[in-house]
Amino acid sequence: MTDTDRYPLPRTFEEFNEQRRASFIRVKDFKQAGGRLVGYLCSYTPLEIIDAAGASGVALCGTSDEVIPTAELMLPANLCPLIKSTYGFAASEKCPFTFFSDIIVGETTCDGKKKMYELLGELKPTHILHLPQGRDRAYERDAWYEECRLLKERLEKLYDITITDDDLRAAAHRRNRMRRAMIALYNLQANEPPALSGVELMSTMFAATFSFDIEEFTAKLEALAAERQAQYKTGERPVPADAKRILVTGCPIGGVINKIGRTIERNGGVVVCADDCSGERTQASLVDEDADDILRAIADRYLDINCSVMTPNAARMENTLAMVEKYHVDGVIESVLTACHTFNVEATLMERAVEVAGLPYMKVETDYSAGDQGQIDTRIAAFIETL
């Protein structure tokens with residue numbers, strides 16, 4: 001069997017635009033060269049275990065409404081757009097990372113996702129991590145440790161390998177270096193005015209989830225931070241001094257970077273902190289590389305992520321208020337994806353915390369369509385005018 005036969009392209013490949021065809025060819029070449037590819041769908045996924053298996057982890061969360069009509073042939077219309085988009089890209093074979101993944105790692109962060117994974121499992125091998133609903137009881141940490149161990153065993157069986165503690169420790173070292181590089185870029189936003197536009201920063205971090213080579217991408221992040229810092233010292237100011245400093249929190253922002261991020265920055269604001277699941281709230285936490293039980297250290301690091309699926313989740317509000325102070329924030333905008341009930345309910349607690357701190361707060365509930373763009377433009381512009 002030829003390499004071409006081993007990794008065939010989708011039947012509809014010729015219908016794709018040039019950029020999508022190029023992406024498919026890039027991933028196909030990676031696989032033909034012997035690359036291992038694991039798709040994942042949440043920041044709770046312990047990436048060090050995937051790295052230690054010699055695989056590249058790529059994010060598969062959908063961020064476009066392009067394939068939602070396909071998804072709605074199987075899924076209800078009144079479901080989170082991220083879930084529908086993720087499934088739609090898999091079912092339509094339009095995402096190269098999903099199409100060529102050896103396995104997809106999902107997690108039980110919400111009811112919609114965990115049931116969607118049953119359908120996704122009909123299309124691709126899927127491993128589900130059973131996430132505890134809290135972390136203040138000892139058995140919840142033990143249960144999550146067991147989930148991480150089971151993932152390690154699943155990848156060992158899949159690739160016919162043994163993942164050692166040394167492999168895990170080396171992976172933790174590489175990931176920590178990448179996180180430190182991300183933090184260095186985030187820290188530049190504490191300058192007044194900030195050293196980068198928020199859209200540039202969010203787009204750069206989003207690209208990290210599609211990199212096959214962690215060390216290569218980390219070097220790019222380190223170089224970018226050094227470049228922007230040097231430019232700032234010479235007097236370059238990419239952001240107007242009077243731009244209102246906005247912290248964006250809430251659901252994963254990848255699908256609405258343009259819809260919300262660019263709207264903020266078109267209307268006299270700048271995103272100085274992306275306090276979402278894949279932003280600083282998550283990346284600032286490192287793995288204890290010197291821990292005696294490195295798998296336990298990895299498991300504990302991920303369980304400490306402050307997502308709204310956790311109950312209680314007061315640490316999320318505490319972290320947001322710390323970011324408000326660090327970045328000298330003028331106002332907070334919470335982005336909630338339609339039908340994301342955990343973030344939507346917790347928005348009440350976030351609003352209280354922000355307003356007690358003396359800052360204006362606004363919640364924007366939206367999806368991936370363009371139908372409400374005009375309304376969002378008007379609301380965000382009005383919010384920034386009041387700051």
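Me: Contact means heavy atoms within 4.5 Å. With that settled, which elements do the buried residues of helix 10 pack against?

Reply: Happy to help: this is a predicted model, in which local features need pLDDT of at least 70, side-chain atom pairs count only at pLDDT 80 or more, and totals for chains, interfaces and linings use all residues. Residues are numbered from 1 along each chain as its sequence is written, and side-chain values use heavy atoms, with hydrogens and water left out. Helices (H or I, at least four residues) and strands (E, at least two) are DSSP runs numbered from the N terminus. The packing partners of helix 10's buried residues are helix 9, helix 11 (214-233), helix 12 (257-266) and strand 6 (269-276).

Me: Which residues of helix 10 are buried?

Reply: Buried means under 20% relative accessible area, exposed over 50%, and partly exposed in between (1.4 Å probe, protein chains only). Within helix 10 (residues 198-208), the buried set is Gly198, Val199, Leu201, Met202, Thr204, Met205 and Ala208.

Me: How many salt bridges does a search of the whole structure find?

Reply: A salt bridge is a side-chain nitrogen of Lys or Arg within 4 Å of a carboxyl oxygen of Asp or Glu. Arg20, Glu66 and Lys94 are joined in a network of them. Searching the whole structure gives a total of 26.

Me: Which residue forms a salt bridge with Arg179?

Reply: Arg179, in helix 9, is buried at 4% relative accessible area. Its partner's closest O atom is 2.9 Å from an N atom of Arg179. The link joins distant parts of the chain, 131 residues apart, with the partner in helix 3 (residues 47-52). That partner, itself buried at 0%, is Glu48.

Me: How many residues apart in sequence are Glu334 and Arg316?

Reply: These two side chains meet in a salt bridge of 2.8 Å, N to O. Glu334 belongs to strand 7 (residues 331-337) and Arg316 to helix 15 (residues 314-326), so the pair ties together parts whose separation in sequence is 18 residues.

Me: Is Arg228 buried or exposed?

Reply: Arg228 shares a salt bridge with Glu227 (3.1 Å, N to O). Glu227 is partly exposed at 39% relative accessibility. Arg228, at 16%, counts as buried.

Me: What is the relative accessible area of Asp165?

Reply: Asp165 lies in helix 9 (residues 165-187). Together with Asp166, Asp288, Asp290, Asp292 and Asp293, Asp165 forms a negative surface patch. Patches use residues with over 30% relative accessible area and no salt bridge, joining like charges within 9 Å and nonpolar side chains (Val, Leu, Ile, Met, Phe, Trp, Tyr) within 5 Å. Asp165 is partly exposed, and its relative accessible area is 42%.

Technical notes. Areas by Shrake-Rupley, 256 points an atom, 1.4 Å probe, with all protein chains shown as cover. Lys, Arg positive; Asp, Glu negative; His and termini not counted. Charge placed at Lys NZ, Arg CZ, Asp CG, Glu CD.
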